[in-house]
Amino acid sequence: MPFVIDYSLCVGCGTCIGNCPNRAIVRRDAEVIITGMCCDCGACRRFCGVNAINKGKAKAELNNKKLDRELKKRLSLTRNIVALKFADKAPKRVPVEDGLNFWCHICGDIFEGSAESVFFTAKNSVCGGSAALGLGIRSLNRDDVLAMMEAITGEGGYFTCSEFFTKPRSLYPPFPRVYGGLIIGPLQQIKMPDIVVLPVNAKQMSMLSTAYAFETGELILGNAGGGTCLGTVTIPFLENRPTFTCGDHGGRMHMRLKDEESLVSFPYRLVPGTVNNLDRTVFTQE
Ligand code: SF4
Ligand code: SF4
């Protein structure tokens, strides 16, 4: 494990437990321990009053290419994994998306292996999903906004009632700010993304959830009825926890998901420990 506790100094106060963003510190019996979910962020050290936490010899595996390979191999994934990273400017080698698109359509191209990384902004977004993604919204004239809302809401509407715009979003913390854009690409191309999204079947989902729960003791909670963006990016990013969702009908269509597939999203820093724990849980049962 990357960070370690010096038990000659630790007084077992537990302050570090609640201050680890990765749920990597737990109390087991009388002892406070750092588990394999540790991602080397170092946050816990600032909260230990007796300086009992130090860097260990091992390092967390945060190499995106390696994690991409490991996830595909262990879960027998046949699709690409999408990585998402918030940024205010497009990095040098990532082109800015040209014209209007749906962010979920770009994800569908990446799942299929037919697209490279792109920088997506609110100006590119056909739908209001960019607001749910923390990117703000493209400026539209009044008639266009009303037409979009009418298409989404009301009797015979494509989607839902008008409360959809306020209620589901009010259940989660607000974005700390509006981001300039979102880099969307295959995991093998994006270093240290914020979120990764995988299309999974029930077996793959059960494997990931077992491996995640193994050291955190936490469930992966799902959500349904809201937009695909809410379930795959907004909640995992703002709450820093994995989430699964079946997505909404339009999002599924744009992502070209198979009927048996749902989506699971992980904050990136929770991936290395979970991948490692696949070997310690489900693969020991086969
Ligand atoms: S993930 Fe960060 S805060 Fe948690 S144990 Fe590791 S170094 Fe400490
Ligand atoms: S904050 Fe320090 S002293 Fe308290 S349990 Fe954690 S490592 Fe031990």
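Q: What classes of residue make up the shell around ligand 1?

A: Sort the surrounding residues into nonpolar, polar and charged, then count. In this predicted model, the shell around ligand 1 has ten nonpolar, two polar and one charged residues. Bear in mind that Cys counts as nonpolar in this sorting.

Q: Which residues are the closest to ligand 1?

A: Of the 13 residues around ligand 1, the closest are Cys20, Asn22, Cys38, Cys41 and Cys44.

Q: And ligand 2: how many residues surround it, and what classes do they fall into?

A: Read that one the same way. Ligand 2 is surrounded by 14 residues, with Cys10, Cys13, Cys16, Val32 and Cys48 the closest. By class, the shell around ligand 2 splits into eleven nonpolar, three polar and no charged residues.

Q: Let's move on to domains. Where do they start and end?

A: The domain assignment splits the protein chain into domain 1 (3-55) and domain 2 (64-284). Their centres, taken over C-alpha atoms, are 31 Å apart.

Q: How many residues of each domain are in contact with the other?

A: Here you count both sides of the boundary. Ten residues of domain 1 are in contact with eleven residues of domain 2. On the domain 1 side, the touching residues comprise six nonpolar, three polar and one charged.

Q: Now the core. Which of its residues touch the most other members?

A: Start with the general idea: in soluble globular proteins, nonpolar side chains tend to be buried together. In this model, the largest nonpolar core holds 71 residues, and those touching the most other members are Val82, Leu84, Trp103, Cys107, Ile184 and Val196. Helix α3 (residues 103-111) gives the most to this core, with six residues.

Q: Why does this core lie between domain 1 and domain 2?

A: Look at who contributes. Domain 1 (3-55) and domain 2 (64-284) each supply residues to the core, so it lies between them.

Q: Can we zoom in on Val196? What is it in contact with?

A: Skip the neighbours within four places in sequence. What's left for Val196 is Ile81, Val82, Ala83, Leu187, Ser265, Phe266, Tyr268 and Val271.

Q: How many bridges join strand β5 to strand β7, and how many join β5 to strand β8?

A: For paired strands, check direction and bridge count. β5 (residues 82-87) runs antiparallel to β7 (residues 181-186), joined by six bridges. β5 also pairs with β8 (residues 195-200), again in the antiparallel sense, over three bridges.

Q: Which residues sit opposite each other?

A: Take one example per pairing. Ala83 stands opposite Gly185 in β7, and Leu84 has Ile195 in β8 as its bridge partner.

Note on methods: Residues numbered from 1 in each chain as written. Chains lettered and ligands numbered in written order. Predicted model: local features only at pLDDT ≥ 70, side-chain atom pairs only at ≥ 80, totals over all residues. Near = placed C-beta within 6 Å. Core = buried A, V, L, I, M, F, W, Y, C linked by C-beta atoms within 7 Å. Buried ≥ 20, exposed ≤ 12 C-beta atoms within 10 Å, placed from the backbone. Helix = DSSP H or I, 4+ residues; strand = E, 2+ residues; numbered from the N terminus. Domains from an automatic or database assignment. Contact = placed C-beta atoms within 7 Å. Pairing = 2+ DSSP bridges.
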